[in-house]
Amino acid sequence: MQQQAVFDFVSGFWDKEILPSLQEYIRIPNKSPMFDPEWQRHGYMDDAVQHVMRWVDAQAPGLRMSRHQLEGRTPVLYLTLPGTGDDTVLIYGHLDKQPEFTGWYDDLDPWTPVLKQDRLYGRGGADDGYAIYSAIAAIKALQAQNLDMPRIAIIIECSEESGSPDLLYYMDALEQDIAGTSLVIALDSSCGNYDQLWMTTSLRGMLLGELTVSVLEQGAHSGAAGGIVPSSFQILRHLISRLEDANTGAITPPFLNVQIPLMRYEEAAAAGKVLAKTFSTMFTYDGDCQPINDDPTELVLNNSWRASLEVTGVDGIPSLQNAGNVLRPSTAVKLALRIPPTTNAETAAHELTRLLTHSPPYGSKVTFELEVPNPGWHAPLTEDSLEQSFQKASTAFFGAPAMSMGCGGSIPFMEFLAQKLTDAQFMVTGVLGPHSNAHGPNEFLHIPMAKKLTACIAQVIHDRVCES
């Protein structure tokens, strides 16, 4: 394999073929079903799938492509390419997007692609529209040199941002076809920086739910009711304190804490050394705000192996402009609880519901409506030959060694695949680095990173044939 030729092909292909199509994909507001219950009527998901299918057809890479769609379910694209031998490499990505969110810069918009220097701004370019494009580019780069490849299978789903509830309905039909998979390449993860290849060795699970506290049937004058009627907000704070230490942010219940494997501590220490100087600039801190710990190893572990809580939405609280002197009848919040990779999500969901709803203060009405739990994932030990392939690829295309660490986010499908493909190895990676801001405002794809990652994928795919 001529590595420079591969990179030259990939870089040119990104500029000429991928970026124009990816920009058009960004224009499609194909929000995941959780955020657009009327997605079928709106038709944007179908637009996105058709757009990608037309592009793949135009590239003529020799793949067999099929679209699967069950009634009421988002579609799945499945592509296959014959290869040398019986081995299969399975590549995974998704097309659905997060909602717009607020805070976009004046010259940016979630549904308007904007190229600025080496960045492509817009919702869904980095998370995760680029994945199918990158997979096809890697294949075509190998084909351009007439290099052998294993059999390739590509799964592109459209419900990942909702927890992948639809994908599982298609897997029974595809199970036999992917049974021989020896390597899963998932292109929906993060990177610590844009200077080297980053491998994800674990993913946290997630529990999403709406916690509601109600004390009155209707609001009452705060002067008349204050000191007599309990505050729904005060009760809410009390309930959350059962889960989170208000002083440190640590999640305290034993069922949400796990023993971290020694090898993951060692990975975190190595990653922390690389990232130590960047943690304070990795996000857009306001004022003098800084990370919650000075120890970079602890920051990596906090993000990858420890539970964390965020309140992502609030109901029952008026805007400041409309805030009258009223003791409000209820407060509701949406909780997003990230759980350790090896925590059983179903068990944790049951325990969390009990924790938040038992013995409510003052006999208040407390409900917790939990969405489908998303499991975490812990990678099997990486085989020496695959680790060598990662290092060779990163050195060749980045000029720096590959790094590994856990990711604080979730890809629900990974644990499902791990259960089905018990002998498979995993290459979970991605382009979501500092400030790329997936899910938030001003999301961007770092184009040089995407090109180098694509070349690395080509290297790893080809190495599978060389090893056999």
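## What lines the largest cavity

Start with the chemistry: the lining of the largest cavity in this predicted model breaks down into 6 nonpolar residues, 4 polar ones and no charged ones. The full cast is Met199, Thr200, Thr201, Ala379, Pro380, Thr382, Phe390, Ser404, Phe426 and Val428. Two elements hand over two or more residues each, namely strand E8 (198-203) and strand E17 (425-428). E8 is the top contributor here, with 3 residues.

As for room inside, the largest cavity holds about 70 Å³ of space.

## The second largest cavity

Next comes the second largest cavity, with about 30 Å³ of space. Around that space sit Thr201, Ser202, Arg264, Glu267, Ala268, Val300, Leu301, Ser304, Trp305, Met405 and Gly406. Four elements supply two or more residues to this lining: E8, helix H8 (262-275), helix H9 (296-304) and strand E16 (403-407).

Sorted by class, this lining comes out as 5 nonpolar, 4 polar and 2 charged residues. Arg264 and Glu267 are the charged pair.

## Putting the two together

How many cavities of 30 Å³ or more turn up in a search of the whole structure? The search finds 2. If you're browsing the model, Thr201 is a handy place to look: Thr201 belongs to the lining of the largest cavity and also to that of the second largest. Strand E8 likewise gives two or more residues to the largest cavity and two or more to the second largest.

Notes: Residues are numbered from 1 along each chain as its sequence is written. This is a predicted model: local features need pLDDT of at least 70, side-chain atom pairs count only at pLDDT 80 or more; totals for chains, interfaces and linings use all residues. Side-chain values use heavy atoms; hydrogens and water are left out. On a 1 Å grid over the protein atoms alone, a cavity is a set of points where a 1.4 Å probe fits but cannot get out, and a pocket is an open set with protein on both sides within 12 Å along at least five of seven lines; lining residues have an atom within 4 Å of a point. Grid points are joined across faces, edges and corners, and a volume is the space filled by probe spheres set on the points.
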